[in-house]
Amino acid sequence: MKKLDTTLYFITDSTGFSEEEFLSRVEQALKGGVTLVQLREKNRTTREYISLAEKVHKITKRYNIPLIIDDRIDVAMAIDAEGVHLGQSDMPVDIARRILGNDKIIGATAKTVPQALEAYKNGADNLGVGAIYPTTTKVKTVLTSVDTLKDIVKAVPIPVNAIGGLNKDNMYVLENTGIAGVCVVSAIMKADSPQQAAEEIKSKFLSLK
């Protein structure tokens, strides 16, 4: 059975950090209680991505937390990561499922109910929905309303997670949405103390449920 607790879904961003500092911040976030780590690297070569993923995987294994690789099924397979996350322009979920088998976690991005239903039908284990707020981590941000988020939660039986510019101070909009978890990048990655940030965000989210 797949272990899938998406309460605090941490998506990394190594921009501006040395490798040592980046890995330290990932570990601090794990100490703070993140329940899933997604390694997102848009600009590395395949070799660089694999090398970094191996180092991150060593850390996540110590905390018994699944590591999800963003976009790249080849990198996920190379390091035997627990899963992948696929955006709307990445490999289709059903093809990824054929390649990876049933034991790996496959997450998908959905911004509409039809996209959510298609991802679920094709074998996705969880969904990332957003952006709820404008975000600094991606150039193109399409905002998703909280109403759409609620509609997606009602439409599919798999965990739905909100993403996009979320932090402990603006998360109140997620109250009563029924989501399984919250995806956070900058609010942990750029925090003075990633551990404390993770603890506070997780505590805040759980108080809304």
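**Exercise 1. Find how many bridges join strand E4 to strand E5, and in which sense the two strands run.**

Step 1. In this predicted model, four bridges join E4 to E5 (residues 105-109), and the two run parallel. Strands here are DSSP runs of E with at least two residues, helices are runs of H or I with at least four, and both are numbered from the N terminus. Two strands count as paired if DSSP finds at least two bridges between them.

Step 2. For a concrete position, look at Val 84, which stands opposite Ile 106 in E5.

Step 3. Now follow the chain: from E4 it passes through helix H4 (residues 93-100) to E5, in a right-handed β-α-β crossover. Right-handed means that, with the strands pointing away from the viewer, the path from the first strand over the helix to the second runs clockwise.

A word on conventions: residue numbers start from 1 along each chain as its sequence is written, and side-chain values use heavy atoms, with hydrogens and water left out. Because the model is predicted, local features need pLDDT of at least 70 and side-chain atom pairs count only at pLDDT 80 or more, while totals for chains, interfaces and linings use all residues.

**Exercise 2. Place E4 in its sheet, and work out which way its side chains point.**

Step 1. On the E3 side, E3 (residues 67-70) pairs with E4 (residues 83-86) in the parallel sense over three bridges. Ile 68 stands opposite Gly 83 in E4.

Step 2. Recall that side chains in a regular strand alternate between the two faces of the sheet. In E4, Gly 83 and His 85 point one way, Val 84 and Leu 86 point the other way, and all are buried. Buried means under 20% relative accessible area, exposed means over 50%, and partly exposed lies in between (1.4 Å probe, protein chains only).

Step 3. Zoom out to the sheet: eight strands form a closed barrel in the order E1-E2-E3-E4-E5-E6-E7-E8, with parallel pairing. Its neighbouring strands are turned by 25° against each other on average, direction ignored. Such angles run from 0 to 180 degrees between N-to-C directions, with axes as lines fitted to C-alpha atoms, for helices over the stretch in contact.

**Exercise 3. Identify the partners of strand E1.**

Step 1. E1 (residues 8-11) is covered on both faces: Leu 8 and Phe 10 on one side, and Tyr 9 and Ile 11 on the other, are all buried.

Step 2. Three bridges join E1 to E8 (residues 181-184), and the strands run parallel; here Leu 8 stands opposite Val 182.

Step 3. E1 is also joined to E2 by three bridges, again with parallel strands, and Phe 10 has Val 37 as its bridge partner in E2.

Step 4. Adding the helix, E1, H1 and E2 make a right-handed β-α-β unit.

**Exercise 4. Check the span of helix H1, then list what its buried residues pack against.**

Step 1. The expected span is 1.5 Å times one less than the number of residues. For the 13 residues of H1 this gives 18 Å, and the end C-alpha atoms are 18 Å apart, so the two values agree.

Step 2. Among the buried residues of H1 are Phe 22, Leu 23, Val 26 and Leu 30. The buried residues pack against E1, E2, H2, helix H7 (186-189) and helix H8 (194-208), where contact means heavy atoms within 4.5 Å.

Step 3. After H1 comes Gly 33, with a positive phi near 110°.

**Exercise 5. Which salt bridges involve Glu 21 and Glu 27?**

Step 1. A salt bridge puts a side-chain nitrogen of Lys or Arg within 4 Å of a carboxyl oxygen of Asp or Glu. The whole structure holds ten of them.

Step 2. Glu 21 meets Arg 25 at 2.8 Å, N to O. The two are four residues apart in H1 (residues 19-31), so about one helical turn separates them. Glu 21 is partly exposed at 31% relative accessibility, whereas Arg 25 is buried at 11%.

Step 3. Glu 27 meets Arg 62 at 3.1 Å, N to O. This pair links distant parts of the chain, with Glu 27 in H1 and Arg 62 in H2, 35 residues apart. Arg 62 counts as exposed, at 55% relative accessibility.
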